[in-house]
Amino acid sequence: MQNSSRLFTPTVIGNNTLPHRIAMAPMTRARSTQPGDVPNEMNARYYAQRASAALIVTEATQISPQGKGYSFTPGIYSAEQVAGWRQVTDAVHAAGGRIFLQLWHVGRMSHADFHDGRLPVAPSAVPFEGQIWKVDPVTGKGAMTDCPTPRALTREEIAGVVDDFRNGARNAIAAGFDGVEIHGANGYLVDQFLRTTSNVRTDEYGGSRENRLRFLKNVVNAVADEVGAERTAIRLAPFLTARGMDCPDILPTILDASAFLQEKGIAYMHLVEADWDDAPQFTETFRKDIRERFTRPIIVAGKYDKDRAEWVLENGYADLVAFGRSFIANPDYPHRLAQNLPLADFEGSTLFGGTEHGYTDYPGSQK
C-alpha cells in the first residue's frame with residue numbers, strides 16, 4: 001500500500017508489526033449462533049473480509065453469562081465459543097490480518113431477561129438511564145429496552161469477576177487471538193467502578209480515587225499475568241457522560257490509570273471519544289496530559305476522517321486510529337482511504353442481528 005500519509009507507515013503493537021495505522025474498531029453486530037452465543041462461519045467471513053485493517057478489535061465478548069447485556073452477542077467462556085472463535089482467527093490470519101478479542105462484562109447495562117429473572121450487577125445499586133438491545137423471543141424482533149436498577153456486587157463476587165476476565169483472556173489465546181482488549185469504556189462494568197456517579201461503595205472498591213481504580217488494576221493484573229502484558233490492552237472513555245456516567249473526577253482518575261498502565265507495560269491504550277451530537281470535546285490539553293503519563297501505543301476512535309486522523313498522529317497524541325462504521329460498508333477501507341476512492345454507506349437497519357445482508361455482502365472496491 002503506497003502512500004506518503006503517516007496513516008500508511010508501519011508501527012508495532014505488542015509482538016505485532018503492523019503495516020499501517022488504520023485499525024478496525026470494536027462494533028456490536030449481534031450475529032452469534034443461538035443458543036449458546038457461539039461465533040460462527042458467517043462471523044469468520046465478516047472479519048476475514050476486513051483483515052486489511054492494521055489491527056482488528058472484535059465486537060465486545062462477554063466473559064461469563066453474568067457479563068451479557070445484549071441479545072446475540074458472543075461469549076468466550078464455553079468450549080463451543082472458543083471453537084467458534086478459532087474459525088474467526090484462522091480466517092483472519094489466513095488473510096494476513098491481526099486480531100484482538102475485546103473482553104466484556106456489561107455490569108448494570110443489562111436486563112433481568114438475560115439472567116433468569118435476576119437483576120444485573122454493578123458496583124452499587126444506583127438507578128440510571130440506559131438502554132440495551134434485546135430481542136423479543138415471541139416476535140423475534142429486537143428493540144432498545146430500558147435497564148433496571150442493578151444490585152451491588154459483594155466483595156467475593158468481585159473477585160469472581162476478576163477471575164472471569166482471567167479465564168476469558170486464557171480462552172482467547174487458546175482460540176488463536178493475538179491479544180485481548182479489556183472493555184473499560186462506554187459505561188460497562190470496569191467503567192462503572194471508576195466513576196463516583198455509578199460507584200458509591202464505602203469499602204476498598206469505592207470512595208477514594210485509588211479505591212475506585214482497584215477493580216481496573218485487579219483485572220489488568222489478572223489478564224496480564226495470564227497472557228502477558230504485551231498481549232493485554234484496555235479501552236477507556238474519559239469524556240463519556242451518557243448512561244449516568246457524568247463523573248466530575250473521571251479525568252484525574254483516567255490519568256492515574258494511565259500511569260499504572262504505563263508501568264504495567266500493556267500493548268496499547270484505546271481511547272474512545274464521545275461521538276454523539278453535542279458531546280463533550282476530547283481536549284488537546286487532556287491529550288497532552290495522558291501522553292505524558294502513557295508513552296506506549298495509543299489508539300483513538302470516534303468520528304475520525306483522514307485529515308483528523310493525520311492531525312492526531314502527526315501531533316503524537318496517538319499511534320493508530322480506529323474506524324468503526326467506515327469498515328461496515330467498506331471491507332477494504334484502508335485501500336479506499338489510501339486511494340481516495342468513494343466510500344459506500346452502511347444500511348442502518350442491519351446493524352444489530354440478522355443475516356449475511358448488511359454484514360458480509362458489502363462489495364470490496366476494484367483493485
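**Charge distribution, overall fold and the environment of helix α8**

The chain carries 38 positive and 44 negative charges, and the mean positions of the two sets lie 2 Å apart. This value, like those that follow, was computed from a predicted model.

The chain comprises ten helices and 14 strands. Along the principal axes, its C-alpha atoms occupy a box of roughly 60 × 50 × 40 Å. The radius of gyration is 19 Å, which agrees with the value near 21 Å that a compact globule of 367 residues would have. Buried residues make up 59% of the 367 residues of the chain. Among contacts with a separation of 6 or more, 73% involve residues 24 or more positions apart. The exposed surface of the chain amounts to about 14200 Å², of which 49% is supplied by carbon and sulfur atoms.

Helix α8, spanning residues 306-314, was examined in further detail. Its buried residues are K306, A309, E310, V312 and L313. These residues lie on the same side of α8, because they cover an arc of only 170° around the axis. The buried residues of α8 pack against two helices, α7 (284-293) and α10 (333-338), and against two strands, β13 (298-301) and β14 (320-323). On the face of α8 turned away from this buried side, the exposed residues are D307 and E314. Helix α8 thus presents K306, A309, E310, V312 and L313 as buried residues, whereas D307 and E314 are exposed on the face turned away from them.

Methods:
Residues are numbered from 1 along each chain as its sequence is written. This is a predicted model: local features need pLDDT of at least 70, side-chain atom pairs count only at pLDDT 80 or more; totals for chains, interfaces and linings use all residues. Side-chain values use heavy atoms; hydrogens and water are left out. Helices (H or I, at least four residues) and strands (E, at least two) are DSSP runs, numbered from the N terminus. The radius of gyration is taken over C-alpha atoms; the globule rule is 2.2 Å times the number of residues to the power 0.38. Buried means under 20% relative accessible area, exposed over 50%, partly exposed in between (1.4 Å probe, protein chains only). Contact means heavy atoms within 4.5 Å. Accessible areas come from the Shrake-Rupley method with a 1.4 Å probe; for residues, only the protein chains shown count as cover. Lys and Arg count as positive and Asp and Glu as negative; His and the chain ends are not counted. The place of a charge is taken as NZ of Lys, CZ of Arg, CG of Asp or CD of Glu. The arc is that of the directions from the helix axis to the C-beta atoms.
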